[in-house]
Amino acid sequence: MFCIHKGIIIVPPVKEDSGIKAYPFDISQVILNSGRWQQNQDRTLAYLKFVDINRLLYVFRSNHRLSTNGAQANGGWDAPDFPFRSHFQGHFLTAWAQCYAQLRDTICRDRATAFTAELLKCQANNPAAGFSTGYLSGFPESDITALEQGRLSNSNVPYYAIHKTMAGLLNVWRNIGDTNAKTVLLAMAGWVDGRTSKFNNQQMQKILGTEFGGMSEVLSDIYFQTGDERWLTVAQRFHHSAVLDPLANGRDQLNGLHANTQVPKWIGAARAFKATGNTTYQNIAKNAWEITTTAHTYAIGGNSQAEHFRAPNAIANYLNKDTAESCNSYNMLKLTRELWVMDPSSTTYFDYYERVITNQMIGQQNPADHHGHVTYFHSLQPGARRGVGPAWGGGTYSTDYNSFWCCQGTGIETNTKLMDSIYFHDESSVYVNLFTPSMLDWSQRSVTLTQTTTFPNSDTTTLKVNGTGDWNMHIRIPSWTSGAKISINGQDSGVITTSGSYASISRSWTSGDTVTVQLPMNFRLLPTNDNKSLTAVAYGPVVIVGNYGSSTVNSNPTLSLSTLKRSSSDNLEFTAIAGGKMINLSPYLDAQGFNYVTYWMTSGSLP
Ligand SMILES: [Zn+2]
């Protein structure tokens, strides 16, 4: 058992976001209860506690001329000869901090603080290593000089790695209160200021042609955390005009761009709007989200093929092995949260969030692996199989010490913050955005809300209130349902439920009040934008795929829509006739250990 502290960000930001109408709960206020999300979290938690921090420190210590203490070097993207080694460790810092914040897990806390104490020593040894004050990474500072002088190799992205470390340190400072994290982070930020202040905007724009991750986001966040406007000035140097200016005007010029390089810039724009009130930043973030989710997104919620955006609405010809890079969706979910809090009456944002998290993100993890390893891409090619083939072609799961890809890093973050977007609040209301077993400690009102459900296997969820008071409960009624029903204490509530809107209950609550929400599910088609006869199939929010066992499938089979039938009342299991044969279908997220088909040609119409 763990005790829950009362909704405390240990070191809260000095400045609050402006321009928002709803607020996230701190992740210390929500826990997951028994279910698939909690199982994913448990597996990732086991990995976070297993990993040897001396191995993670190897490239930092080696680069900063300290002893590596006999530790073995890592492989994969953290190997001593990998260009942007040390990008991964910031993900561990964030994941450890999140586990401490939500579970008060002291093992994770101690790992994070032990790690930052060692990073402090690395940074302090900069004079001996020949680096500038504040510099910190696993690769030499001369890589930054090479970037500035336009002679860095194409495969190297030093600021991408620096951002990950800074984001991890910020999370350890905020959620654990670790002063070493603060010291190291502010020294790094000062170093970034020093490196970038000498360039004019034109020179800076050239530097920004190389992927730089969430530098604008983290520097804005350091401004919020400290209240020091210096960091906002530094953040704004990372405004990449070539990508962001067309988006400010709603123009889709994403074709050919590396996708995951861009999404963090849009999050940075959302953070800049909340810091400055400048609506150009807001337009960039909103338009980028709109363009990506409508013109570049697959049925499972992901975007990109071979890591790149294609032409607007070009989907059907890109159903390849290397679709839907996981990092892009991790970042799109962060962007979605940023936008929804500005416009909480719209369910569009959380309809998308639900689609991504339910299908792609939960399904990214291998449930048979007790360290919760993940895939990089999500193959949408007919006959795809998770865990097989090269990582960049479908494919294999990450490993303990020989992968350390970007998507493994965002995966350990995702699986330790699954609870962060279920509930939100404003002065008079709680919002229920996602349906999964969980408990909210709404400490501001001395209320707890316990959500019990087997959703999406069942279409019903219950929300039990403990505590009293007059407040509103806003429940997202997804656009995919029709005929949703809400009852209170077993009686029909008469609350209006319109698909694609929030149902609102205003009430003087008493302990034990129970709200039951039924969201009827039906089959739905999710055709590709550019070929309406090529389609994925969903049941409610869940994309379902055909199970082809070990059979080879070379093209999209023809599914007889009228034959689709649910074959289990407890689980999402289905049958249908495709290509003249009876097949079993089940959720995309559970398509593990067999060849699957996500997109179909079709005949007939849905039952
Ligand atoms: Zn990735």
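**Exercise 1.** Which arrangement do the four donor atoms around the zinc ion make, judged by the angles they subtend?

*Solution.* The model is a predicted one, and the work starts with the ligands: the protein donors of the zinc ion are E325 through OE, and C327, C406 and C407 through SG, at 2.1 to 2.3 Å from the ion. The next step is the geometry, where the four donor atoms subtend angles of 97 to 119° around the zinc ion, so the arrangement is tetrahedral. For comparison, the ideal angle for four tetrahedral donors at a metal is 109.5 degrees.

**Exercise 2.** Determine how the zinc donors are spaced along the chain, and which parts the pair E325 and C406 ties together.

*Solution.* Read along the chain, the donors of the zinc ion follow the pattern E-x1-C-x78-C-C. E325 belongs to the loop between α14 (279-295) and α15 (326-340), while C406 is in helix α17 (residues 406-414), and the pair therefore ties together parts that lie 81 residues apart in sequence.

**Exercise 3.** Decide whether E325 and C406 are buried or exposed.

*Solution.* The cut-off needed here is that buried means under 20% relative accessible area. E325, at 2% relative accessibility, therefore counts as buried, and C406, with a relative accessible area of 5%, is buried as well.

**Exercise 4.** Work out the strand order of the open sheet, and identify its edge strands.

*Solution.* Seven strands form the open sheet, with antiparallel pairing, in the order β2-β5-β6-β7-β12-β9-β10. The edge strands, each of which pairs on one side only, are β2 (30-32) and β10 (491-492). At the β2 edge, β2 pairs with β5 (residues 438-442) in the antiparallel sense over three bridges, and V30 has L440 in β5 as its bridge partner.

Terms used:
Residues numbered from 1 in each chain as written. Predicted model: local features only at pLDDT ≥ 70, side-chain atom pairs only at ≥ 80, totals over all residues. Heavy atoms only, no water. Donors = N, O, S within 2.8 Å, 3.2 Å for Na, K, Ca; no water. Tetrahedral: all angles 85-135°; square planar, octahedral: opposite > 155°, others 65-115°. Helix = DSSP H or I, 4+ residues; strand = E, 2+ residues; numbered from the N terminus. Buried < 20%, exposed > 50% of the residue type's maximum accessible area, 1.4 Å probe, protein only. Pairing = 2+ DSSP bridges.
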